Amino acid sequence: MTGQDYVEVQGLTVDFDGFKANEEVDVTFLQGRIHFLIGPNGAGKTTLVDALTGLVKGTGRARYGNLDLLSLKSHQISRAGVGRTFQTATVFEELSVLQNLDIAGGVHRKAWGMLRARKGIPDYVQEAMETVGLADLRDRPAGVLAHGQKQWLEIGMLLVQDAKVMFLDETVAGMSHEERDETGELLRRIAPSRTIVVIEHDMDFVRNHADFVTVLHAGKVLAEGSVADIQGNPRVQEVYLGRNIEEVSHE
Amino acid sequence: MSTPTDVESPFLPVAATPTDRRRLPRSSPRLSRDTVSLIGIGVFAVLMLLVAPAVLSDFRLNNLGKYACWAMVAVGIGLAWGRGGMLVLGQGVYFALGAYAMAMHLTLETAGPDAIPVFMILYDPLAPLPGFWEPFRSGAFTLLAVVGAPVLLAGTLGYAIFKRRVKGAYFAILSQALAVALAYLIGGTIKLTGGDTGLSDFKYFFGYDLSDPINKRMIYSITAGLLVLCLLVVWQLYRSRFGELLVATRDAEERVRFLGHDPANIKLVAYVTAAVMASIGGALFVPIAGIISPKEIGAAASIFLIAGAAFGGRATLFGPVLGALLLGYGRSSLSEQWENGWIYVLALMFILVTLLAPEGVASIPRRAAGLLGSLRRPTESRPPRNTAAKETKS
Amino acid sequence: MDSLIAPFLNGTADGALLLIAALGLALTFGQMGVINMAHGEFLLAGAVCAFWTQQVVASTDVSILVALPVAFVVAGLLGLVLEATILQWMYDRPLDTLLATVGVSLALQQIFLQNYPSGVPVEKPSLLDGQIDVLGYAWPLRQVFTIVLAVACLAALGALLKYSSFGRRIRATVQNRALAETLGVATRSVDRMTFFIGSGLAGIGGVAASLIGGTNSQMGTRYIILAFLVVVAGGLGQLRGTVIAAWTVGVVTAYLADWTTGSLAQVITFVLVVVFLQVRPNGLFTVRTRGLA
Ligand SMILES: Nc1ncnc2c1ncn2[C@@H]1O[C@H](COP(=O)(O)OP(=O)(O)OP(=O)(O)O)[C@@H](O)[C@H]1O
Ligand SMILES: [Mg+2]
């Protein structure tokens, strides 16, 4: 290994009773580069992440280190350092911010330690809490957080989990402009040591923060490259009905 | 999804808002919640172990012991259902395991060494003792079975069910089906288990004469002590990381999976613990009540067992215990005077509680306060709870 | 030969009864997601209706024909009342519907028990008194009647769901309530109607049950659990799955009862269904949608 992490997907196909939500997808996610997955609704973006995190069955190969992600169960994938968020923010509403983050670090604990109460705040939890800017809200039940804060909490949980690969599904959807910018900066800060994949519809956000973009359409990879490459790509424009990408992809 | 305009920046300190205050115990702000609960358990222990024996007659104390057995089951239900989200409609199964293990032992002890139980002699004076009865001659084996049998059964069943991700209503009905099936099985095997009439007429309890009130008082104390112990166990579980994880699993199982845990294992621990508590409750019920029959374990009985937890507040520490004690008391005092009325009261309670206070009566003051509060400060409403996470089935 | 044929035919009749009970559940649970534990007691109500009509209509043959619509309406109305008073507040809390209706079921059982401590003595219609010969086994006509009834219920329900505009509205409401509402479907009245029909079917099942075996206050509990398992084992929202599952459960239980004892057969059937659900947690037939996945 060169110290450069990556996830290499080859020929990934997800078949829902004859309907192929992903078909022969080849894509490589590299450490240190913020990789965006875009495409119209139903293109298969979420399904791709679902397949790579064990939520749906897929065929093909998805190599991460010496593991094939497609052959592992969700919790094993997570333990291997691959984390994800969901399209709808799912934090544990009745637990506090601190408890949410702490739970995410539970994997590294011995079973017996689980039966003891928490004493003090572990360093890595404190660190994650500060990185995502929720330190002052640590005793607040997660259910009362604002939408954007929940998304940050989810990212914080991935940090505590020490996820080396992060799939973020429409994380900034529904955020205000300031929140988006802050999220972008947050990603930038944590990106160097991680492989980050973001699913996004908002082209402004993509333009501002993408290092690399993969366009999915009808389950297949339509185009890949920098933001400029993608915007200039005639096939991409065609898929978006000849219209401007921004117009169509804004929900 | 609306974006509130007054959202705080993630990287700037934010002033604490009044919502925080609600989370702290009001009476003594310097004590942590855990400590307050522990003090509560202490008070409860004093009431049950010292005050009750001092003020209650033999008869009343024995009754209280019976309620305490149900309360033990309820504590487990609080853990499995309240915190773990598993609607255990059939805890009668585990109650039965403990109860029948104990009843078989007491029956054999009453019959005397090498003798076979009286009810069996009635059917066939020459029949040998069925093989599965034999080990229950030993008191030690019986005690082992009271704990071991529910671990085995709940462990296997739970493993199979949770690994297949059966949950919600399916789980509830399955567990009830098992209770009904077991009640049928016992009811239909009268020569082996006493059938619908059950097992009764126990004379001795591990050498102690059951007709002596002093010995009955001793059994009460054991029961009350074990109930307090059960409370301590869940108290520790609730404050532990496991407890947090359990609540997390209840509210968003998929999410927990992506934290690298297998939710099945988490639920299994809670389920097995609840089963053991039910079994111990059942075992002690036998010498106290003096009888065990399928009536105490079938669908209706199982529903009575869960009623206490529903009534008192399933997710709270004290709700299930107090609810079960209260319902037990209500059941015996009401059915003394108004035989059939009790069922209607129970039925009405189920309907009203689920309709008006799904978190139990303990939550009514809090909900009322919350309602008042939100009337006064209309801006500070909680966002809607994530209902999608509580899908019936996945 | 008799020992092989008899359980099959008896079991088929039992399965038919179970099917009627399960069809109602398939509608209220499968389509609406409401878990009505009082459904079994609606069966009891049907049996009581059969008894009542016999008090009014002298001819046992005519009375049973009158009892069917009466039981349908009475049980349906019970369902409507239940929906309007309790269930409509809980559509987003399926487990709570279960608990609340457990209360209703307890109360109804108790009412029945107090009024008819030894069950309702429904006289068997004279027309159905005979037997027909099937490969040497004298098959009671009452059982044949049950099967005919089940098939009729199934056909009616199937046609209703598939061809009528009401059926389309049910499906629309089930699949996307909000969208259906914006399209002008009065979802509240669809809910009520669905509940009426589902509960009414239990009433019909009750009439049939009163002809086949004795009735007692525990009858509902027994049927509700089996019927629920049948609905689940068949696959939610899948009528053909429900049919196959009900039939299988009926026949298998009958054979088991023949080989062992009645109560042991019940136990083994329960266990078999549970094991089956281990293997196929989504039942025989599944509709693959993201919502269920
Ligand atoms: N479990 C499933 N069963 C059947 N079809 C499915 C399932 N999950 C997804 N699909 C279908 O696969 C296709 C791709 O869905 P997917 O959610 O991956 O799209 P997406 O690109 O994430 O869209 P969006 O931008 O709306 O989130 C859709 O047509 C969807 O209906
Ligand atoms: Mg998506």
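**Exercise 1.** In this predicted model, characterise the contact between chain C and chain B by its extent, its polar links and the elements that form the chain C side.

*Solution.* Begin with the extent: 43 residues of chain C are in contact with 36 residues of chain B, and the two chains bury about 3,600 Å² between them, with 75% of that area on carbon and sulfur atoms. Three residues, C:Leu99, C:Leu106 and C:Gln278, supply 18% of the area that chain C buries against chain B, which is more than any other three residues give.

Next, consider the polar links, where the count of salt bridges between chain C and chain B is zero, while three residue pairs are in polar contact, both residues being at pLDDT 80 or more.

Finally, assign the chain C side to its elements: helix 4 (94-115), helix 9 (219-234) and helix 11 (262-279) each supply at least two residues, and helix 4 provides the largest share, with 14 residues. By class, this side of chain C divides into 29 nonpolar, ten polar and four charged residues.

**Exercise 2.** Locate ligand 1 and describe its surroundings.

*Solution.* Ligand 1 lies between chains A and C, and among the 15 residues around it, A:Gly42, A:Thr46, A:Thr47, A:Gln87 and A:His201 come nearest.

Turning to polar side-chain atoms, one of A:Thr46 is 2.6 Å from an oxygen atom of ligand 1, one of A:His201 lies 2.8 Å from a ligand oxygen, and one of A:Glu170 lies 3.5 Å from a ligand oxygen. The protein covers 79% of the 630 Å² of accessible area that ligand 1 has on its own.

As a last step, the shell comprises five nonpolar, seven polar and three charged residues, with helix 1 of chain A giving the most, three residues.

Note on methods: Residues are numbered from 1 along each chain as its sequence is written. Chains are lettered from A and ligands numbered from 1 in the order in which they are written. This is a predicted model: local features need pLDDT of at least 70, side-chain atom pairs count only at pLDDT 80 or more; totals for chains, interfaces and linings use all residues. Side-chain values use heavy atoms; hydrogens and water are left out. Contact means heavy atoms within 4.5 Å. Buried area is the accessible area (1.4 Å probe) that two parts lose on being put together, summed over both. A salt bridge is a side-chain nitrogen of Lys or Arg within 4 Å of a carboxyl oxygen of Asp or Glu. A polar contact is a pair of N or O atoms within 3.5 Å; within protein, one must be able to donate a hydrogen and the other to accept it, and residues adjacent in sequence count only if both atoms are side-chain atoms. Helices (H or I, at least four residues) and strands (E, at least two) are DSSP runs, numbered from the N terminus. Ala, Val, Leu, Ile, Met, Phe, Trp, Tyr, Cys and Pro count as nonpolar, Asp, Glu, Lys and Arg as charged, and the others, Gly among them, as polar. A residue is near a molecule or strand if one of its heavy atoms lies within 4 Å of it. Accessible areas come from the Shrake-Rupley method with a 1.4 Å probe; for residues, only the protein chains shown count as cover.
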